Amino acid sequence: MRVEVLSDHPRFAARRTEQAAEQRRTRYEQAVADVRARHAARRWWQVWKLLPQWLELRRLQAQRPADEDQVRHRLAQQEAGIEAEDAMTSALDRLSDDWTVFRGYRNGRGEVDHLVVGPGGIWAIEVKNHPGKVHVDGDSWRSEVFDRYGNLVENRTLADRSGRSWGRQVTDVSKALADFLQKRGRQALVRSVVVIINPRAQLGTVRRPGLALVSVGTDEVVRTLRQAPPTLGPASADEVARLVRRDHAFHEKRRAQRGG
């Protein structure tokens with residue numbers, strides 16, 4: 001199995017989170033140091049400056065960045081997602097060298113964590129690190145999260161910021177890639193997979209998911225790919241891989257031009 005990293009946005013996002021928090025802390029600490037330096041430079045007879053400087057320092061202290069808990073929580077989520085994606089890549093290493101795994105493929109409909117091209121076809125795999133019990137009913141995805149005593153503590157919809165369900169996130173990308181390949185003379189079915197990687201994850205009711213597979217853990221995904229009937233010969237797989245690189249590069253360039 002060959003791995004090509006097309007983009008690594010999860011790690012970039014985690015670094016941006018850390019850098020933004022560090023910049024906020026640095027600006028605050030510098031502002032406090034400036035006030036204290038001015039206070040230290042005050043002459044003993046300039047008593048009238050004492051109160052304004054003290055009030056300025058109090059106002060700054062009230063503006064101390066208070067988002068450390070939120071930053072830690074956000075970083076923990078991002079790192080958990082990265083670990084899940086890495087686990088999926090490691091599991092796919094059980095495929096033969098006839099397969100190519102692209103990490104971070106992007107097109108006009110979004111990004112997918114893994115795009116796998118090989119003898120068994122083209123598979124778009126979206127990886128989620130989630131500790132809940134996931135239920136699927138068509139395009140409606142929801143989760144129940146229980147505490148260690150079995151009490152329900154969260155019941156929420158599983159969707160991105162634009163309202164797309166986990167299934168739509170990957171099927172939108174898959175359909176756009178299939179259309180791109182068809183326009184270039186490659187009749188190719190792109191199958192969609194959502195895999196949930198977390199020790200506490202469970203699958204509940206799954207009805208009409210519109211996907212090739214919804215899985216908890218990596219074993220079923222790897223087994224499904226290895227047992228898939230041959231649909232792409234070596235030359236066809238190489239051509240699909242070339243077109244995937246081209247399509248990704250085009251959309252990454254457009255994203256950069258738009259400031260994404």
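**Exercise 1. Find the residues that line the second largest pocket of this predicted model, and work out which elements supply them.**

Solution. Start with the list: R106, N107, G108, G110, H251, R254, R255 and R258 make up the lining of the second largest pocket. Next, place these residues on the secondary structure. Two or more lining residues come from each of β2 and α6 (234-257). Of the elements, α6 contributes the most, with three residues. Now sort the lining by class: there are four polar and four charged residues, and no nonpolar ones. Glycine is counted as polar here. To finish, add the size: the volume of this second largest pocket is about 190 Å³.

**Exercise 2. Describe the largest pocket: what is its volume, which residues lie closest to its centre, and which element gives the largest share of its lining?**

Solution. Begin with the volume, about 1,600 Å³ for the largest pocket. Then look at the centre: 39 residues line this pocket, and R74, E126, K128, D160 and Q169 are the closest to that point. Moving on to the elements, those giving two or more residues to the lining include the helices α1 (9-40), α3 (68-92) and α4 (166-183). Strands β2 (100-107), β3 (110-118), β4 (121-128) and β7 (152-157) also do so. The largest share belongs to α3, with nine residues. Lastly, the class count for this lining is 16 charged, 13 polar and 10 nonpolar residues.

**Exercise 3. Locate the nonpolar surface patch that contains V216, and decide whether V216 is buried, partly exposed or exposed.**

Solution. First, name the members: L203, V206 and V216 together form the patch, with about 180 Å² of accessible area between them. Second, find V216 in the fold, where it sits in strand β10 (residues 213-216). Third, take its relative accessibility, which is 33%. The partly exposed class runs between the buried limit of under 20% and the exposed limit of over 50%. V216 is therefore partly exposed at 33%.

**Exercise 4. Place P199 in the chain, assign its exposure class, and state how far its C-alpha atom is from that of H130.**

Solution. Trace the chain from β8 (190-196) to β9 (202-207): P199 is in the loop between these strands. For the class, use the relative accessible area of P199, which is 86%. Exposed requires over 50%, so P199 counts as exposed at 86%. For the last step, pick the two C-alpha atoms: those of P199 and H130 are 8.8 Å apart, while the residues are separated by 69 positions along the chain.

Technical notes
Residues are numbered from 1 along each chain as its sequence is written. This is a predicted model: local features need pLDDT of at least 70, side-chain atom pairs count only at pLDDT 80 or more; totals for chains, interfaces and linings use all residues. Side-chain values use heavy atoms; hydrogens and water are left out. On a 1 Å grid over the protein atoms alone, a cavity is a set of points where a 1.4 Å probe fits but cannot get out, and a pocket is an open set with protein on both sides within 12 Å along at least five of seven lines; lining residues have an atom within 4 Å of a point. Grid points are joined across faces, edges and corners, and a volume is the space filled by probe spheres set on the points. Helices (H or I, at least four residues) and strands (E, at least two) are DSSP runs, numbered from the N terminus. Patches are made of residues with over 30% relative accessible area and no salt bridge: like charges are joined within 9 Å, nonpolar side chains (Val, Leu, Ile, Met, Phe, Trp, Tyr) within 5 Å. Accessible areas come from the Shrake-Rupley method with a 1.4 Å probe; for residues, only the protein chains shown count as cover. A salt bridge is a side-chain nitrogen of Lys or Arg within 4 Å of a carboxyl oxygen of Asp or Glu. Buried means under 20% relative accessible area, exposed over 50%, partly exposed in between (1.4 Å probe, protein chains only).
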